[in-house]
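I open the notebook on a new chain today. I want to look up how its helices, strands and core are put together.

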Amino acid sequence: MRTWALSGRVIHPSGAVANGSVVIEDRRIIDVAASPPAGLPHIETGGLIAPGFIDLQINGAFGYDFTADPASVAPVAAGLPQHGVTAFLPTIITSPLETYPERLVALMAAATPNQGATVLGVHVEGPFLNPNKKGAHNPIHLRLPSPQSVAPLVATGAMRLMTLAPELPGGTETIAYLRRHGVVVSIGHTDAHYDDAHAALDHGVTWATHLFNAMPTLGHRDPGAVGALLEADQPVIGLIADGIHVHPAVVRLVWRSKGAAGIS
């Protein structure tokens, strides 16, 4: 058994930052103290000590693409901790429907426990997206959602999150089916109106994929999906906060609206 400590500026669960030490025993955090216990080996980081990031949408990294090469999840997982990511959902985008089960199984089989960031399951983004908001997704492979279509994906046990456009015919039925089987459902690549989005929330949508991008803009007379998602308490909002996809001022407005617990 090895016990040691990291010292630096520690982010606490409350969000406060203070100088302190994180005490680790056999790779588990057992205490956060104002100073390292006497006689305990410790490393002075000189920096910020924060919880690891959990990224719910990574399509690939380091030159790899999970949709094209599901087995590449292993080298990506190995490299993510250097960027602070300790767990993630590798994401597969729109592909021929019949290829999904094999890809999901292959991706999870390639994930290596305790070798970098933990693979929590797979985020499936598509093919049940609105063609009007397809973005980079191949329109040839877009499909209407149905419980029958998603059943083979659910059966793999690998899918943890699915992004779909709930306004498509069969959308709400599919959402309800996915939720009954423990899959988190996200609204994204959608042309949903305000009422459509609220219906999706009522049926079990709890997340939003890259809010503002690939969905109608927020209007003062037509709030659309964005207005519904910001108004409701339950959905967690995904944002691409790179200063390009969403203006920093809008990121700040969403932060004020949803708070830290409501943004991913």
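**Helix 3, outer face.** I am working on a predicted model. I began with the face of helix 3 that is turned away from its buried side; it carries the exposed residues Gln148 and Ala155.

**Helix 3, inner face.** Next I listed the buried residues of this helix, which covers residues 147-155. They are Ser149, Val150, Leu153 and Val154. Why do they sit on the same side of helix 3? I checked the arc: they cover only 130 degrees around the axis, and that puts them on one and the same side. The general rule is that an α-helix has 3.6 residues a turn, so residues three or four places apart point the same way.

I then asked what these buried residues pack against. I found two helices, helix 2 (100-110) and helix 4 (171-180). I also found two strands, strand 8 (122-125) and strand 9 (159-164). Just after helix 3, I noted that glycine 157 has a positive phi of about 75 degrees.

**Core.** I turned to the largest nonpolar core, which has 53 residues. Which members touch the most others? They are Phe88, Met159, Met162, Leu178 and Leu211. Helix 6 (residues 224-231) gives the most to this core, with five residues.

I looked up leucine 178 in detail. Leaving out residues up to four places away in sequence, I see that leucine 178 touches Val150, Val154, Met159, Met162, Leu164, Val183 and Val185. Val150 and Val154 are also among the buried residues of helix 3. Another core lies apart from this one; it has five residues, including Trp4, Val10, Ile24 and Ile49.

**Strands 1, 2 and 4.** I followed strand 1 (residues 3-11) and its pairing with strand 2 (residues 17-25): antiparallel, over nine bridges. Leucine 6 stands opposite valine 22 in strand 2. The two strands form a hairpin, with five residues between them. In the turn, I noted glycine 15 with a positive phi of about 100 degrees.

Strand 1 also runs parallel to strand 4 (residues 42-49), and five bridges join them. Here serine 7 stands opposite glutamate 44.

**Whole chain.** I counted seven helices and twelve strands. I compared the radius of gyration of 20 Å with the value near 18 Å for a compact globule of 264 residues; the chain agrees with it. The C-alpha trace spans about 65 × 45 × 35 Å along its principal axes. Of the 264 residues, 42% count as buried. The accessible surface is about 13300 Å², and 56% of it belongs to carbon and sulfur atoms.

Note on methods. Residues numbered from 1 in each chain as written. Predicted model: local features only at pLDDT ≥ 70, side-chain atom pairs only at ≥ 80, totals over all residues. Heavy atoms only, no water. Core = buried A, V, L, I, M, F, W, Y, C linked by side-chain atoms within 4.5 Å. Buried < 20%, exposed > 50% of the residue type's maximum accessible area, 1.4 Å probe, protein only. Helix = DSSP H or I, 4+ residues; strand = E, 2+ residues; numbered from the N terminus. Contact = heavy atoms within 4.5 Å. Arc of directions from axis to C-beta. Pairing = 2+ DSSP bridges. Rg over C-alpha atoms; globule rule 2.2 N^0.38 Å. Areas by Shrake-Rupley, 256 points an atom, 1.4 Å probe, with all protein chains shown as cover.
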